[in-house]
Amino acid sequence: MNNFTIGKYLPLDSFVHKLDPRTKIIMLLLIMGAVFIKSGWIGYFIILGFIALSLILSKIKISYVLNAFKPLIMMMVFLIVINVLVIKEGNLIFSYGFIKIYDKAILDTLYISVRLLIMISASTILTMSSNPLDLTVGIEKLLKPLGRFNFPYEDVAMMISIALRFIPTIIEETQKIMNAQRSRGVDYEEGKIKEKIQAVLSLIVPLFSTSLNMAEDLASAMEARGYIPQEPRTRYRDLKYNIKDYIVFLIGVLLVVLLVWVSYYAI
Amino acid sequence: MPIEIEKLNFIYAKDMPFEYTALKDIDLKLQDNKFYALIGKTGSGKSTLIQHLNALLIGSSGKIKVNNFEIYTDKKNKNLKNLRKEVGVVFQFSEQQLFEETVLKDVMFGPLNFKVSESEAKAKAIKYLKLVGIDEKLFEKSPFELSGGQKRKVAIAGILALEPQILVLDEPTAGLDPESAKEILEIFFSLNKTIILVTHDFDLVYSYADEVIFLDNGNLITKRETVDFFTDDELISKYQLELPSLLNFQNKLSEKGFSFTKKHKNLKDLIKEVIYE
Ligand SMILES: Nc1ncnc2c1ncn2[C@@H]1O[C@H](COP(=O)(O)OP(=O)(O)OP(=O)(O)O)[C@@H](O)[C@H]1O
Ligand SMILES: [Mg+2]
């Protein structure tokens with residue numbers, strides 16, 4: 001119940017922490033793309049190796065990343081059930097009454113699970129190793145070229161960072177309100193349809209009202225400190241690529257080249 | 001013995017890098033129909049402790065028994081609703097829990113959840129709204145149109161209407177004007193229930209509480225009779241606690257040569273003794 005701390009920034013001192021946030025974001029996108037290169041199990045092992053390496057270099061304990069998977073276990077079980085029921089290709093490996101399981105169904109599920117594993121661990125490493133403020137600046141800088149097409153990249157980056165900043169707050173508020181209503185006899189787990197609707201209302205209404213209040217307070221606080229959306233803003237600390245980032249980019253490019261090569265020649 | 005807590009521990013974000021032990025080996029026994037004040041610095045674990053009393057938080061280890069209802073820390077608890085009917089909790093910032101269309105409906109919400117009939121729920125709602133000093137004119141208004149203090153009073157009425165045996169209050173008077181704060185405490189005081197009040201206001205503690213429970217950094221430092229607590233100079237100076245103003249006043253009078261038979265918990269009694277002795 002209190003484990004909603006997934007993906008929270010861990011202020012450690014490591015190689016990965018010191019990388020430019022842009023480098024990390026680009027590497028994440030690269031990995032997300034690389035997952036879809038059809039390079040089979042060899043490819044997945046290469047990517048997983050790369051992730052393991054980043055994990056070691058980031059000094060983040062593997063158990064923290066594994067914590068992020070707990071909520072996903074249900075989803076994976078669901079996936080397996082759906083896949084097994086829907087996919088009827090390949091060799092029949094098990095049959096009992098109307099239940100028929102084909103090897104392709106198992107294989108496909110495994111593929112999807114590994115892809116999820118890769119994407120989630122990569123994004124968890126990114127958020128755990130980057131200060132949210134730096135991350136925003138990184139997103140803003142990466143979006144900057146779109147500014148030429150009148151894309152409001154600064155506003156979008158600000159919105160993303162506020163949204164990220166408020167996720168834990170809103171989860172906290174939700175729990176507080178749920179506890180208050182539980183004390184008034186609301187049962188969020190059981191009950192008839194009518195009671196369920198009441199229960200949801202008793203959560204949603206206060207949640208909206210507190211969120212709106214928080215948004216209003218935040219807007220006033222920002223305005224009071226001179227924030228004007230359209231005006232250019234200066235920074236106290238600017239981002240700069242250094243030699244480490246170039247090395248990581250190089251490794252990223254090599255990774256993709258390797259995967260493409262595997263997809264053509266090794267399978 | 002309505003509440004017995006033994007070796008209770010609680011850890012926030014267990015197994016995460018930012019895990020935090022908020023309660024450490026708490027042992028506590030509370031009696032029926034007494035008024036307890038739970039005090040301690042910000043972050044000492046007061047809110048965490050009271051949420052264990054109606055099983056909103058379940059300890060990492062230890063034992064809790066409330067009116068013979070045992071809350072298990074090592075297996076799944078059943079029928080928590082029965083427990084929550086016995087223990088009414090008014091939360092810090094309780095005004096945030098309002099959601100119904102009208103003030104009256106919001107107060108009726110709790111009793112209805114506990115299967116009280118519609119007419120009885122309404123009667124209770126009216127009774128307790130009046131008790132906390134909400135004017136009848138406001139009954140049909142939306143709770144969102146009320147002032148902060150009025151909202152707080154409605155939220156308190158919402159818990160009182162459950163008529164629990166044990167009433168737990170987390171800073172119910174923070175942000176209320178001194179007059180309303182006093183009125184509300186008088187109401188709690190007159191209910192003749194077991195009351196556990198979390199507060200930073202030592203003047204209120206001194207006048208109303210039978211006993212003080214003092215937490216520091218997740219540890220239970222002491223639980224004892226209110227006057228005993230505030231006259232333990234060693235403890236007061238060790239934790240740099242401020243004395244209640246009435247006690248301060250009486251001490252100053254004593255320094256000037258007045259003598260008293262006992263420490264007085266309200267100004268009237270103090271003045272009486274000064275005049276008639
Ligand atoms: N959801 C949570 N996750 C992690 N730590 C928490 C959480 N809630 C509280 N804590 C920590 O537990 C400790 C005790 O918190 P608690 O809310 O019980 O304090 P309190 O005594 O009620 O303080 P206050 O007087 O400010 O209300 C604090 O140090 C707090 O940082
Ligand atoms: Mg508190």
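The following exercises, each with a worked solution, concern a predicted model.

In this predicted model, local features need pLDDT of at least 70 and side-chain atom pairs count only at pLDDT 80 or more, whereas totals for chains, interfaces and linings use all residues. Residues are numbered from 1 along each chain as its sequence is written, chains are lettered from A and ligands numbered from 1 in the order in which they are written, and side-chain values use heavy atoms, with hydrogens and water left out.

**Exercise 1. The nonpolar patch of chain A**

Determine which elements of chain A each supply at least two residues of the nonpolar patch, and state whether A:Tyr96 is buried or exposed.

Solution.

Step 1. A patch consists of residues with over 30% relative accessible area and no salt bridge; like charges are joined within 9 Å, and nonpolar side chains (Val, Leu, Ile, Met, Phe, Trp, Tyr) within 5 Å. A salt bridge is a side-chain nitrogen of Lys or Arg within 4 Å of a carboxyl oxygen of Asp or Glu.

Step 2. Among the members of the surface patch are A:Trp41, A:Phe45, A:Tyr96, A:Phe98 and A:Leu110. Together the patch residues have about 1,100 Å² of accessible area, a value from the Shrake-Rupley method with a 1.4 Å probe, in which only the protein chains shown count as cover for residues.

Step 3. The elements sought are α3 (40-58), β1 (92-96) and α6 (103-129). Helices (H or I, at least four residues) and strands (E, at least two) are DSSP runs, numbered from the N terminus.

Step 4. A:Tyr96 is found in strand β1 of chain A. Its relative accessible area is 62%, so A:Tyr96 is exposed; buried means under 20%, exposed over 50%, and partly exposed in between (1.4 Å probe, protein chains only).

Step 5. A:Phe98 is placed in the loop between β1 and β2 (99-102) of chain A, and counts as exposed at 74% relative accessibility. Its C-alpha atom is separated by 48 Å from that of A:Pro206, 108 residues apart along the chain.

**Exercise 2. The surroundings of ligand 1**

Describe the shell around ligand 1 by the kinds of residue into which it divides and by the element that gives its largest share.

Solution.

Step 1. There are 14 residues around ligand 1, a residue being near a molecule if one of its heavy atoms lies within 4 Å of it. Those that come nearest are B:Gly43, B:Lys46, B:Ser47, B:Thr48 and B:Gln92.

Step 2. The shell comprises 3 nonpolar, 8 polar and 3 charged residues. In this division Ala, Val, Leu, Ile, Met, Phe, Trp, Tyr, Cys and Pro count as nonpolar, Asp, Glu, Lys and Arg as charged, and the others, Gly among them, as polar.

Step 3. Both β2 (20-30) and α1 (46-53) of chain B supply at least two residues of the shell. The largest share, 3 residues, comes from α1(B).

Step 4. An oxygen atom of ligand 1 lies 2.9 Å from a backbone N or O atom of B:Gly43. For B:Gly45, a backbone N or O atom is 3.0 Å from an oxygen atom of the ligand. Taken alone, ligand 1 exposes 640 Å², of which the protein buries 67%.

**Exercise 3. Salt bridges**

Explain why the pair A:Lys141 and A:Asp238 ties together parts that are apart in sequence, and identify the partner of B:Lys41.

Solution.

Step 1. Side chains of opposite charge can pair when their charged atoms come close. Over all chains, 19 salt bridges are found.

Step 2. In the salt bridge between A:Lys141 and A:Asp238, the closest N and O atoms are 2.8 Å apart. A:Lys141 lies in helix α7 (residues 132-143) and A:Asp238 in the loop between α9 (193-224) and α10 (243-266) of chain A; the pair therefore ties together parts that are 97 residues apart in sequence.

Step 3. A:Lys141 is partly exposed at 30% relative accessible area, and A:Asp238 is exposed at 53%.

Step 4. The partner of B:Lys41 is B:Asp216 (3.6 Å, N to O). This pair links distant parts of the chain, 175 residues apart: B:Lys41 is in the loop between β3 (35-39) and α1 of chain B, and B:Asp216 in strand β9 (residues 211-216).

Step 5. B:Lys41 is exposed at 54% relative accessibility, whereas B:Asp216 is buried at 16%.

How values were computed: Polar contact = N/O pair within 3.5 Å; in protein donor to acceptor, adjacent residues only side chain to side chain.
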